[in-house]
Amino acid sequence: MTKDFSKNEHFGECTFHGRSAFIPYILALSAAILLGTYPILVRLIEDVGSGSIAFWRFSLSLPLCSLLFSFDLLHESKRNSQPLGQITPAKRKAAVLLAAAGVAAGMAIIFQNLSLETTSVVVSTFLCRLDLVFVPLITYFALKERLNTAYGIGLVVCLAGLVLLVWGQEMLTGVSMSLSEYEGDLFAVAAGICNAAYIICAKQAREELGALTIVFGLTLGGAVVAGIFCLCEWTLDVPSDLSTWIILLCIAYLAQFSAAYLQAVAIRHLPAAVLALTRVLTAAVSGLLGWVIFGEVLNYLQLIGLALIVLGLFAAQTKKQDWVSACACKSPICGPPECKMTAASGNLDQTLLSEKSERS
């Protein structure tokens, strides 16, 4: 008799197994595409400052996040037959990590908005994706999270593509950036560091908390950080026209809620470094949209960079990947076939031992 692991799922989630084991990777790529629209939407707003955009991004999505978070709490209480709000030591630790992830996410958005004011969409998005380098280093040395050869190949190819995408124009024209652009680059690098902290903390918190709880914590933490930033500047810009409100709502529910939820579901089944790798697709999406909307033309070197990014993401996803084995639920219906066989045999041995003890 095998254990029913369906009761271990949180509200709004499902288990991926068998041929659907690649779905978390697809969800992470979909989240990256949604995040790629964010720099474009920010550039379309003219009468709202960087801190205010960050505040409205989190605040406008907070009501829906709060509603779904309450459903997750009720579902978990009913599933575990425990009083509502009971916190175990493991969940208390996860809540602290989630709070840290929320603060890091809020700071990353503010730094990214500041960088977009003085540098191009492509350069800003590239430097904000330096978590692609920081996350694997931290998880390898601190968390002992090992990655296979396919990931290493994909990482190198993606980095080469990013370099061509960002500096391809300068390579052909020889035009150097101004001082203000370098200041924007520093803000973007700070955003990349904060993104790395957010991914690692969220990954650790996800082992105990549901996806909707993760999204709520990130949104609440980001709203608090953005609100403090606005108070320090003594300003909170309120849009004066309907079109700006529509753009802010798109930011809140596409680039924030939808992207955060997809990443929260995916990160349960993927190592943190792999999630950081998929986020590099945001640079490609932002580059293409910046070309179409703002006329930031991409030359042939930058187009080669876009192709390398896609190729690197494809190379990193192979049939022999063991990413799903990183699933926090440790379920026999998750992960590679060998993990399922091991778990199933373990359940069978346990059942046989129980029957033998009953007979004796």
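This passage describes the confidence of the model and then a few of its helices and residues.

The structure is a predicted model, and a look at its confidence is a helpful place to begin. Across the chain the mean pLDDT is 76, with 74% of residues at 70 or more. Confidence is highest in helix H10, residues 242–267, where the mean is 92. At the other end, helix H14, residues 337–359, has the lowest confidence, with a mean of 43. The pLDDT is below 50 over residues 319–353, a stretch that nevertheless has 54 contacts in the model beyond near neighbours in sequence. Residues 1–8 also stay under 50, and for these the model has eight contacts beyond four places in sequence. Where pLDDT is low, the predicted coordinates should not be read in detail.

Helix H1 offers a simple check on geometry. This helix has 14 residues, 23–36, and at 1.5 Å a residue they should span 20 Å. The end C-alpha atoms of H1 are 20 Å apart, so the model agrees with the expected span. Several residues of H1 are buried, among them Pro24, Tyr25, Leu27 and Ala28. Further along H1, Leu29, Ala31, Ala32, Leu35 and Gly36 are buried as well.

Helix H4 covers residues 89–116 and includes Asn113. This asparagine counts as buried because its relative accessibility is 1%, below the 20% cut-off. Setting aside residues up to four places away in sequence, Asn113 touches Tyr38, Val42, Ser50, Ile53 and Ala54.

Helix H10 is also where Ile267 is found. With a relative accessible area of 4%, Ile267 is buried. Beyond its neighbours within four places in sequence, Ile267 is in contact with Ile199, Ala202, Lys203, Arg206 and Leu275. One of these partners, Ile199, lies 68 residues from Ile267 in sequence, yet their C-alpha atoms are 8.7 Å apart in space.

The cysteines complete the picture. The structure holds zero disulfides. Cys65 counts as buried because its relative accessibility is 1%. Cys250, in contrast, is partly exposed, with a relative accessible area of 30%; this value places Cys250 in that class because partly exposed residues fall between the 20% and 50% cut-offs.

Methods:
Residues are numbered from 1 along each chain as its sequence is written. This is a predicted model: local features need pLDDT of at least 70, side-chain atom pairs count only at pLDDT 80 or more; totals for chains, interfaces and linings use all residues. Side-chain values use heavy atoms; hydrogens and water are left out. pLDDT is the predictor's confidence in each residue, from 0 to 100. Helices (H or I, at least four residues) and strands (E, at least two) are DSSP runs, numbered from the N terminus. Contact means heavy atoms within 4.5 Å. Buried means under 20% relative accessible area, exposed over 50%, partly exposed in between (1.4 Å probe, protein chains only). A disulfide is a pair of cysteine sulfur atoms within 2.5 Å. The expected span of a helix is 1.5 Å times one less than its number of residues.
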